[in-house]
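Work through the exercises below with the sequence and the 3D view side by side. Try each task before you read its solution.

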Amino acid sequence: MNRGGAFRSRWLPYALVGPQIAVTLVFFLWPAAQALVQSLFVEDAFGTAMQFVGLDNFAALLADPHYARAFATTAVFAGGVTTVSLGAALILAVLANRVARGATLYRSLVIWPYAVAPALAGVLWLFLFDPSVGTLAFALKRLGVDWNPLLDGGQAMTLVILAAAWKQVSYNFVFFLAGLQAIPRALLEAAAIDGAGPWSRFRRIVLPLLSPTAFFLAVVNVIYAFFDTFGVIDAATSGGPAKATEVLVYKVFHDGFKGQDFGSAAAQSVILMAIVIALTVAQFRFIERKVVY
Amino acid sequence: MNAACRGAAAALAIVGAVASSGALAQTEIHWWHAMAGALGDRVGDLAKRFNASQKEYKVVPVFKGSYDETLAAGIAAFRAKSPPHILQVYEVGTATMMAAKGAIRPVHEVMAGAGKGWNPAEYVPAVASYYTDHHGKMLSLPFNSSTPVFFYNKDVFKKAGIEAPPKTWRDVQEAAQKAKAAGAACGFTTGWQSWVMLENMSAWHNQEFATRSNGFEGFDAKLAFNTLMLVRHISLLSSWAKGELFTYGGRRNEPEAKFFNGECAMLTSSSAAYANIKKNAKFEFGVAKLPYYEEETGAPYNTIIGGASLWVMAGKKPAEYKGVARFFEFLSSPVVAAEWHQETGYLPITNAAYLATQKSGFYDKHPGTDISVQQMNSKKPTKFSKGVRLGNFVQIRGIIDEELEAVWAGKKAPKDALDEAVKRGNEQLRRFEQANKSAK
């Protein structure tokens, strides 16, 4: 047994992973530990007075029926964002993979939205769908749809899901396209010779071979929807109407950043962190089994 | 040290003395603000003019984003031990700043420390009282204050045969019906619903918004706005929402667009919306006082303010505080304060600025611009009408917005919504009280 592996020096491997570990410590573990500590305190905005309150911050949250509802809202939102962004990206990737001419142009165009800041994406979609000035809202009204996301919770949710998913389509597209291009042509040709049509080739060969990519993207997208979407929501709906689009991470942002209630915001982010850890573990334990590598 | 060397040193000293009267020895005063666009340009002008007026101090204005972003930036900078000298904080952050005893330096101390005769009585009482503690000491300098007023589309009113702007809420209903009948898409809308429809309507009718003088007397205040008067008012608006006389247009100032694009015939929003409406409206519009209920005894009283004030942060050098005091004197001087009022639509902060504006004939040339001042000064403020000062007010306004949205959508009865808002808001007040125990 070769315990030293490929490295002759005992320190070289540590030195090589060192920077990555340092980054993780400084930017992930340290803030996470701080959140844990802060969630046990109540303090004023400027941090001049801190009081240890034990688990009171958590108790207050769990006793709040509106907080419980935010879980359901988050589940709908995360499910919606993941489905829409994965679905749209897959369709676009399959189409782009078949394009013979100008493929690079299409690819670049699809990748563009990823560079747009979340708050801008929210504002952009808000302008398109604003009941008074939005161009698409105008079109919807012409079609007889009573479009008013300011008061209709379902429509507001649709709006933020679209805005949040749109940003993520580009990212997913890149991975799907790479995944598609890695599928050996020989397999598809052999299937075609055996009489498989385009749909059954897609279903029986392409999809299973893409499943590792899809699984990875599903995890990434769920995490994105949980953590990285407060900018879109703040710009588009501010969590309204009547809490219809208030997801957990938006509440953290609102109570902590806008309301300066750091204790509660820290407790909320600890809960959020626990949920995402649990979700990721569950995804790896249960869904990964169905993935073909 | 030889002669040549001494000569060089003397020359250097002269150069240094000349330079120090220029930029080198200037004390910099950092001012973090939240004024975007045209208002931001005005803030830049103020600093430039102050800097040109004297040589000792240099005010450096820095735009920090929206009000909440500016406050968050100020707090983060204080925690990192490098706050700016002056921080502009919106009215809902007032309680947070007042509670932060160790983080701020009260304006009355800054002004007294500068050793000049400073008279707090020069400031418009209805504005200054908002930023004054219960011992009568001014804690922050009033800067940009506004109050809600009523805007109406004169063209639509003419077409609908409405003679005078509505005085009472019943007149508004009638006007909205007539405007709709005359083809307007929407009768009435409002910006800042919590501020206009709850906080100001309470003051306008001398109704309690929160106990302990609306929170002015301490952090142990409890919300009390589920009054009969407000339940009736929200019920009336809710019936208008059902009958499509009132259209909800959003929590902040988005509804102003519904007015200036001609969709809604009437709007209640901040007096500071005047400039924006004037720029965008392609019709004649008028400004009037907020409607009221004639059956409420003594109504109307006075309205209360929104906007922001300037806070001085703690931990700076005495020379820097002198500079801040000089700058605040500059801002409060009649000419500067009058110009700021006239150019922005914000309320005049001193009596002298108001009188100067009146004398110059500005109000006659721009009818409606003095409505806000009249409203503020129409009666001596009572303990229910001098303002609202609550901790965690950002969250409380959010709660009120949510509950009102449920009413406008027809999902909740007005009384249930107000009761629920009071209950949920009180939880926020208790959290704030707990967090600021030491600061009472």
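**Exercise 1.** How many residue pairs are in polar contact between domain 1 of chain B and domain 2 of chain B?

*Solution.* Keep in mind that this is a predicted model.

Step 1. Find the two domains. Domain 1 of chain B covers 3-146 + 306-359. Domain 2 of chain B covers 148-303 + 390-439.

Step 2. Count the pairs. There are 2 residue pairs in polar contact between these domains, both residues at pLDDT 80 or more.

Step 3. Ask which helix contributes. Helix α4 (residues 94-99) of chain B gives the largest share of the domain 1 side, 3 residues.

Step 4. Sort that side by class. The side of domain 1 that touches domain 2 has 6 nonpolar, 7 polar and 2 charged residues.

**Exercise 2.** Find the salt bridge between the two domains of chain B and check it against the cut-off.

*Solution.* Step 1. The rule finds 1 salt bridge across this interface.

Step 2. Look at Glu91(B) and Arg397(B). Their closest N and O atoms are 2.8 Å apart.

Step 3. Apply the cut-off. A salt bridge needs a side-chain nitrogen of Lys or Arg within 4 Å of a carboxyl oxygen of Asp or Glu, so the pair Glu91(B) and Arg397(B) qualifies.

**Exercise 3.** Describe the size of the contact between domain 1 of chain B and domain 2 of chain B.

*Solution.* Step 1. Count residues. 15 residues of domain 1 are in contact with 14 residues of domain 2.

Step 2. Take the area. The two domains of chain B bury about 1,200 Å² between them, with 59% of it on carbon and sulfur atoms.

Step 3. Name the main contributors. On the domain 1 side, Val92(B), Ala99(B) and Ser146(B) lose the most area to domain 2. Together they make up 37% of what that side buries.

**Exercise 4.** Now do the same for chain B and chain A. Which helix of chain B gives the most residues to the side that touches chain A?

*Solution.* Step 1. Chain B puts 38 residues into the contact, and chain A puts in 34.

Step 2. About 3,000 Å² is buried between the chains, 54% of it on carbon and sulfur atoms.

Step 3. The rule finds 4 salt bridges here. One of the salt bridges joins Glu402(B) to Lys243(A), with the closest N and O atoms 3.5 Å apart.

Step 4. α3 (67-79), α4, α19 (393-408) and α20 (414-435) of chain B each supply at least two residues of the side that touches chain A. The most come from α3(B), with 7 residues.

Step 5. By class, this side of chain B has 15 nonpolar, 10 polar and 13 charged residues.

Methods. Residues are numbered from 1 along each chain as its sequence is written. Chains are lettered from A and ligands numbered from 1 in the order in which they are written. This is a predicted model: local features need pLDDT of at least 70, side-chain atom pairs count only at pLDDT 80 or more; totals for chains, interfaces and linings use all residues. Side-chain values use heavy atoms; hydrogens and water are left out. Domain bounds come from an automatic or database domain assignment. Contact means heavy atoms within 4.5 Å. Buried area is the accessible area (1.4 Å probe) that two parts lose on being put together, summed over both. A polar contact is a pair of N or O atoms within 3.5 Å; within protein, one must be able to donate a hydrogen and the other to accept it, and residues adjacent in sequence count only if both atoms are side-chain atoms. Helices (H or I, at least four residues) and strands (E, at least two) are DSSP runs, numbered from the N terminus. Ala, Val, Leu, Ile, Met, Phe, Trp, Tyr, Cys and Pro count as nonpolar, Asp, Glu, Lys and Arg as charged, and the others, Gly among them, as polar.
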